[in-house]
Amino acid sequence: MNGNEVKISIGLEGIYIAETKVCKIDGIAGKLWYRGYPIESLAADSSFEEVAYLLLYGSLPKKTELDSFAEQLKKERDISDNIKMIIKSLAQKSHPMDVLRTAVSALSSEDPELTDNSPEANLRKAVRLTAKMTTIVAAIGRMRAGKDYIKPDNSLGHAENFMYMLSGSKPNKEVAKFIDLMLVLHAEHGTNASTFSTMVTGSTLADLYAAITSGICALKGPLHGGADEAALKMMRTIGDPANTEKYIEDALAGKQKIMGFGHRVYKTYDPRAKILRSWFTDIGSKSSGEVKTLTETALRAEKMMIERLGASHGIWPNIDFFSGPLYIWAGVPAELFTPIFAAARVTGWSAHMLEYWPNNKIFRPLDHYTGQLDLKYININDRK
Ligand code: CMC
């Protein structure tokens with residue numbers, strides 16, 4: 001409390017904004033559930049399509065329901081020439097997250113149900129966005145590299161098709177499984193900054209495209225989704241793994257944050273990072289070249305950070321720490337890491353919006369004014 005008995009929560013820390021059945025995080029025990037299912041079992045046994053259904057519809061699909069949902073996604077995958085043109089005009093001069101937010105915003109002009117705010121129409125829009133955002137991210141990757149758009153292949157699953165549209169060839173099973181895992185792990189994570197941004201925009205009764213565009217904008221920052229690209233950049237800057245400890249020492253002494261560590265909610269190892277870590281050590285041990293170097297750097301950084309700040313400060317690796325070297329192994333360029341995150345998180349953003357809208361209330365917090373009042377207006381010519 002300050003002098004005027006106003007309790008301010010900077011960054012809304014510790015503030016509950018809604019009841020939800022979408023996701024639960026236990027930041028002390030390091031546990032995460034989507035609609036009651038532990039993330040470990042979804043990561044091991046499920047697929048992105050199934051998780052997307054779970055988040056959007058509220059329960060795991062039966063076989064026929066999953067087949068029909070996967071078909072709907074496939075039907076909505078392709079994007080128009082207009083969206084391709086927008087992507088092409090920006091892909092080589094803007095960051096992919098900026099291109100993605102522009103393309104997603106432009107998608108609104110093509111959805112005949114844009115202004116229909118019924119739950120059924122919003123669900124259909126969420127499915128369209130989920131299908132098309134993945135295609136947009138692949139198209140951005142192609143056009144950024146000066147290559148042509150590749151049409152979706154509807155004989156392929158969601159993750160596999162993404163890699164096909166990005167690279168032009170079908171990924172091997174291990175790469176496809178990894179991309180699917182990343183989509184599952186990124187699909188949902190409570191009311192973080194991007195979900196909150198989505199909900200703030202949606203709470204004004206702006207449409208789902210506007211809300212999701214807000215989510216993408218908030219996800220871009222390096223304190224949130226952009227940390228995956230920033231963590232890889234740090235590992236590349238370190239260069240020789242033998243430089244790791246000195247780099248971290250200097251960064252901490254200079255009060256810099258180490259990207260891929262720390263979390264507002266988790267005060268222990270992020271369970272998603274734990275899942276990725278087992279992939280990371282496995283792939284790292286079989287790799288050579290840059291992936292091997294990055295793996296060694298990351299493991300040294302992890303050891304030092306945990307010794308320094310783990311138990312004492314509750315700063316542990318988060319999901320964005322190990323993903324970079326794995327994406328590089330899979331053939332995904334660094335600037336696409338956060339757009340892939342967005343292409344998965346669109347399901348969680350939409351699930352929260354669909355849950356919130358039936359009892360909608362516009363978000364309108366307060367700020368505590370500490371400036372002066374009743375100042376005398378002075379004509380511009382008389383101001384000193
Ligand atoms: N490296 C070094 N120190 C850190 C780090 C870090 N990664 N994270 C937090 N701290 C320190 C921070 O300097 C501060 O120290 P002091 O109290 O001495 O000033 C203290 O821990 C509290 O940090 P904070 O930034 O006030 O904590 P927060 O809860 O507001 O922020 C965070 C959480 C994720 C923004 C922060 O930990 C961070 O900036 N991490 C690096 C970026 C990152 O990896 N983000 C991805 C998060 S997980 C994926 C996602 O959801 O997007």
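A backbone N or O atom of F261 lies 2.8 Å from a nitrogen atom of the ligand, a polar contact in the sense of a pair of N or O atoms within 3.5 Å. The model is a predicted one, in which local features need pLDDT of at least 70 and side-chain atom pairs count only at pLDDT 80 or more, while totals for chains, interfaces and linings use all residues. Residues are numbered from 1 along each chain as its sequence is written, and side-chain values use heavy atoms, with hydrogens and water left out.

The polar contacts of the ligand with F261, R264 and G225 are set out here.

| Residue | Protein atom | Ligand atom | Distance |
|---|---|---|---|
| F261 | backbone N or O | nitrogen | 2.8 Å |
| R264 | side-chain N or O | oxygen | 2.8 Å |
| G225 | polar backbone atom | oxygen | 3.4 Å |

On its own the ligand has 930 Å² of accessible area, of which the protein covers 68%, as computed by the Shrake-Rupley method with a 1.4 Å probe. Around the ligand there are 19 residues, of which H224, K257, I258, F261 and R264 come nearest; a residue counts as near if one of its heavy atoms lies within 4 Å. By class, this shell holds nine nonpolar, seven polar and three charged residues, where Asp, Glu, Lys and Arg count as charged and Gly is among the polar ones.

As for the whole protein, it has 16 helices and three strands, which are DSSP runs of at least four residues for helices (H or I) and at least two for strands (E). Its C-alpha trace spans about 70 × 55 × 50 Å along the principal axes.

Technical notes
Polar contact = N/O pair within 3.5 Å; in protein donor to acceptor, adjacent residues only side chain to side chain.
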